[in-house]
Amino acid sequence: MPPVRYLLWLALYFRVTLGLVFSFPDCVNGPLSSNAVCDPTQDPATRARAVISLFTDDELIANTVSTSPGVPRLGLPNYEWWSEALHGVASSPGVTFADSGNFSSATSFPQPITLGSTFNDSLVKAVAETISTEARAFSNFGRAGLNYFTPNINPFKDPRWGRGQETPGEDPYHISQYVINLIDGLQGGIDPRPYFKTVADCKHFAAYDLEDWQGIDRFTFDAQVSNQDLSEYYLPPFQTCVRDAKGGSVMCSYNSVNGIPACANSYLLQTILRDHWGFDDDRWVTADCDAVDNIFSTHNYTSTYAEAVAEALKAGTDVDCGITYAVHLPDALNQSLINRLGIVSPPTQHQTLTLFSFRSGYFDSPDVQPYRQLDWSDVNTPYAHQLAHQVALQGIVLLKNDGILPFNRSIARLAIIGPWANATTQMQGNYQGVAPFLISPLQGAIDAGYEVTFALGTTMSDNSTAGFAAAVAAAQSADAVIFAGGIDNAVEYEALDRTSIAWPGVQLDLIAALEAVGKPLVVLQFGGGQVDDSALKKNETVNAILWAGYPGQSGGTAIFDILSGKASPAGRLSTTQYPAAYTDQVPMTDMSLRPSSTNPGRTYKWYQGVPIFEFGHGLHYTTFDVRWKNTPSTEYNISSLISDAPSVSPLDLALLDTFNITVQNTGQVTSDYVALLFINGTAGPAPQPNKQLVAYTRLPQITGGNTRNASLSVTLGSIARADTAGDLWIYNGSYQLNIDTGPVRLTHQFELVGQPAQISQLPRDGSIA
């Protein structure tokens, strides 16, 4: 028979999950009204201790899990820690949408992979501000909590990964800029006082980018990662989240890292996260859902569940998304694997209540909290909808165009064909909520004034050609043909990786049949991961290709704004599009970045082959000329750079220099321009990267003939390289700056002189002899 504690916990669990309504404690008339926890003049630690001291052991343990039952006798309501808001308030255990009326929907922005392709940091912050506003409104009316399991900031290094759509791309510098702006918007500022707007959760820590590939799944995978790659690639976005953006929470991942499950890994959760980056006691670590269970059940890292929960708790996992803590901590306590103090402080209750209760205003009067005043009128506002449309517009990437786009006035009748042609919920991708509306490409064409014929032609992965005849007939009667396809969540999603990056099913065969019709042909490519467009790129009968990712609620409108010329494309790919043969050259389980005899190199920095479309690629409807506004320096002294750096911030954030450019639109079409600044050189140990992104900015709406100025600030950290120990160094030698990809628009050579200097040290793992 199950222990009484377990039955009690299950009763509380089902009471919570079957009727979850979020609420705040009553500090006026409730049982805790005279307790220090309800006294806003007391410091947070005193308030936390005052309420935690009243918990029994069973109550402490019951509230270490994501579906926390609260303590009814103390007037502490239940709380669900698992809420989602990846690209809008999303359906999840902690979020409840109404069937109709108020709170029946929330703004559904494009997926992060599309947002990342805007290379517009201010837009990222604006999206996050809007999401947190809507999330707080839901919370105020009992339909959501105050913390959200977002963002996903694992770099998207392998195109097969099923969850790459949740990330802004493959480059750690780019992701780091995305992170600091997103956290700023979600939390209401960088370490805001007195209250957080919402609390973000940076996931998945660390080296997580495999779901289920050829029988190897995330619950058993042991990511073998060198210190060099850990420091240079896998950790920087998390460092930015924790150290610089002051993210309130971090999620440890399913996988093991170098033999130790991430949620039991004290090197990751204590040495790096807390000791090195300063993740202090008013922030917390949550396990991915059932990751604590996996320490024993799939990783076989411990001999018992009691040992597993003890290892996780001692390593620094504060909240268990699951039930493993609640069920097995009593055994760990009875076996003296932990003690009560180990549950209360420093982990678990001390941290979570300190942050959550006081930094989110949980116990404070709503009258003094502006975020507590938000309501349904703050959800789905015209501004939010315009913003979602703008993100889709700015994130769409023009991969190829022979001049057919934008369509001229002679094109009035369109045939829209393919598995994405009439997409609605597909436009959202995963971790989505209920959108107020969803505009498909088909509807976007109709709304834009075109006469439209629709034919499915084929599904995403079907090998049948039965629909080809109807598709060809539709094309024959049109002035131009649009094929909308690629991949979606039937092909890439959480728990499933791809084994091929070729176009699935018979989509390319259908495109070939449409080519034979002889009408102008535009291909719209959707999905988070790239597919090999080589056959389309080199084929002159395919006139244009656009990539849209997962463009959200206004995706169809944005697409036809660009096709019709109402708006101009200026997005850039935030990932590399590899040839299909890439998947035969390196297994997903190989975590190394640098090229070797068994690895062609990963990401644009290290790939030794020729990409189909490179990271940063994106065409325009106009032309640009880029020049240095001021001639940059040709020499920098390393020791001077170090000595001149402000002592109040980490050396990696110190400036190398700010490079000023002028960008002139030399065509006639008004357009944004994304300035990407890369660096390469021969300095430092071999192999050297092909190049690396060190700064970027997006200049809005440059009209024909006009010029805008931009400043690109380059930090020491962005030009540094990691040695084999994971320490970051500035190396002396020759460097070159390059603006843009493909045909480089502007270059500059300079020298770093003096002795190499170490600017950061990766902590050593004391568990390794």
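## Exercises on disulfides and a helix pair

The link of Cys-202 and Cys-241 is right-handed, with 100 degrees about the S-S bond. The model you are looking at is predicted, so let's work through it together.

**Exercise 1.** Find where Cys-202 and Cys-241 sit along the chain, and decide whether Cys-202 is buried or exposed.

*Solution.* Start with the bond: the two sulfur atoms are 2.1 Å apart. Next, place the partners: Cys-202 belongs to strand β3 (residues 201–205) and Cys-241 to helix α8 (residues 236–244). They are 39 residues apart, so the pair links distant parts of the chain. Finally, check accessibility: buried means under 20% relative accessible area. Cys-202 has 0% and therefore counts as buried, and Cys-241, also at 0%, is buried too.

**Exercise 2.** Work out the handedness of the disulfide between Cys-289 and Cys-321.

*Solution.* The sulfur atoms of this pair lie 2.0 Å apart. The torsion about their S-S bond is about 65 degrees, so the disulfide is right-handed. Cys-289 lies in the loop between β10 (284–287) and α10 (291–297), and Cys-321 in the loop between α11 and α12, so parts 32 residues apart in sequence are tied together.

**Exercise 3.** Describe how helices α11 and α12 are arranged.

*Solution.* First, take the axes of α11 (residues 305–315) and α12 (residues 324–334): they come within 8 Å and cross at roughly 100 degrees. Angles of 65 to 115 degrees count as roughly perpendicular, and α11 and α12 are therefore roughly perpendicular to each other. Among the residues in contact are Tyr-305 and Leu-313 of α11 and His-328 and Asp-331 of α12. The contact's residues divide into 9 nonpolar, 2 polar and 1 charged.

Technical notes:
Residues numbered from 1 in each chain as written. Predicted model: local features only at pLDDT ≥ 70, side-chain atom pairs only at ≥ 80, totals over all residues. Heavy atoms only, no water. Axes fitted to C-alpha atoms, helices over the stretch in contact; angles between N-to-C directions. Helix = DSSP H or I, 4+ residues; strand = E, 2+ residues; numbered from the N terminus. Parallel < 35°, antiparallel > 145°, perpendicular 65-115°, else oblique. Contact = heavy atoms within 4.5 Å. Nonpolar A, V, L, I, M, F, W, Y, C, P; charged D, E, K, R; others polar. Disulfide = S-S within 2.5 Å. Buried < 20%, exposed > 50% of the residue type's maximum accessible area, 1.4 Å probe, protein only.
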